[in-house]
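Grab a pencil and work through these exercises with the structure open beside you. Try each one before you read its solution.

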Amino acid sequence: LPQPLFRLGQRRAQDIAPIVFGQCVVCHREGEAAPFPLLTWQDAKKRAKDIAEATSLRTMPPWLPVAGHASFEDERRLTNVQIATIKKWAETGTPEGDATDQPPAPQFKPGWQIGEPDLIVTLSEPFILPADGKDAYRNFVIPIPSQARLVAGAGREGVADEHDVAV
């Protein structure tokens, strides 16, 4: 079994793991849109500096709506306290701490998380995002049939190497 994620000791695992489990691992796990998993302490330790920087810049988790104008169900925006907590964890050497303080990792059903789609659209050519290096933030315009109405969107890494996301 993999080592628990973000064990900081003195109950600090209760501060870090819930952030990642609640805001990151929906994409940062095998078979999903993100190019690397963040389910374990080892996964996150090797990317701690990048995680701290991306959350401080608010590029992760990716959430485009501007704060204060509306609220959304399942919003992926971090609070200032959560960002500071991640930064402190990274600056202090990503200590493991006590495994008993970590909450259980979330369980996901296989396949589409919001139900089987009525329509699947694909890119005209694959866009490959390597697991190493800087994240590439792209907006893709994908034509949909004129009678289609987008109510919800989700992305999945698929057999044809399409990567994601329409919302």
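**Exercise 1.** Which residue lies over the face of F108, and at what distance from the ring centre?

*Solution.* Keep in mind that you're looking at a predicted model. Find the ring of F108, then look for what sits over its face: that's R29, at 3.7 Å from the ring centre. Now try F36: here the charged end of R47 sits over the ring, 3.7 Å from its centre.

**Exercise 2.** Work out whether the aromatic pair of W63 and F72 is stacked or edge-to-face.

*Solution.* Step one: the structure holds 2 aromatic pairs, and W63 with F72 is one of them. Step two: their centres are 5.6 Å apart, and the angle between the planes is 75 degrees. Step three: planes over 60 degrees apart count as edge-to-face, so this pair is edge-to-face. As for their surroundings, W63 is partly exposed at a relative accessible area of 23%, and F72 is partly exposed too, at 40%.

**Exercise 3.** Find what P65 is in contact with, leaving aside its neighbours within four places in sequence.

*Solution.* Start by locating P65: it's in the loop between helix 3 and helix 4. Its contacts beyond those neighbours are F72 and R77. Take R77: P65 and R77 are 12 residues apart in sequence, and their C-alpha atoms are 9.3 Å apart in space. P65 is partly exposed, with a relative accessible area of 28%.

**Exercise 4.** Check the length of helix 4, then decide where its buried residues sit.

*Solution.* Helix 4 covers residues 80–91, which makes 12 residues. At 1.5 Å a residue, they should span 16 Å, and the end C-alpha atoms are indeed 16 Å apart, so the two values agree. Next, pick out the buried residues of helix 4: I83, T85, I86 and W89. They cover an arc of only 160 degrees around the axis, so they're on the same side of helix 4. On the other side you'll find N80, V81 and E91, which are exposed. Just after the helix, G93 takes a positive phi of about 90 degrees.

**Exercise 5.** Which elements give two or more residues to the largest nonpolar core?

*Solution.* The core has 18 residues, and I86 and W89 are among those that touch the most other members. The elements you're after are helix 1 (13–23), helix 2 (41–45), helix 3 (48–56) and helix 4. Helix 1 gives the largest share, 5 residues. To finish, follow I86: leaving aside neighbours within four places in sequence, its contacts are I16, I19, I51, A52, T55 and L78.

Technical notes: Residues are numbered from 1 along each chain as its sequence is written. This is a predicted model: local features need pLDDT of at least 70, side-chain atom pairs count only at pLDDT 80 or more; totals for chains, interfaces and linings use all residues. Side-chain values use heavy atoms; hydrogens and water are left out. Rings of Phe, Tyr and Trp (its six-membered ring) pair if their centres lie within 6.5 Å; planes under 30 degrees apart count as stacked, over 60 as edge-to-face and the rest as tilted. Buried means under 20% relative accessible area, exposed over 50%, partly exposed in between (1.4 Å probe, protein chains only). A charge sits over a ring if NZ of Lys or CZ of Arg is within 6 Å of the ring centre and within 35 degrees of the ring normal. Helices (H or I, at least four residues) and strands (E, at least two) are DSSP runs, numbered from the N terminus. The expected span of a helix is 1.5 Å times one less than its number of residues. The arc is that of the directions from the helix axis to the C-beta atoms. A nonpolar core is a set of buried Ala, Val, Leu, Ile, Met, Phe, Trp, Tyr and Cys residues joined through side-chain atoms within 4.5 Å. Contact means heavy atoms within 4.5 Å.
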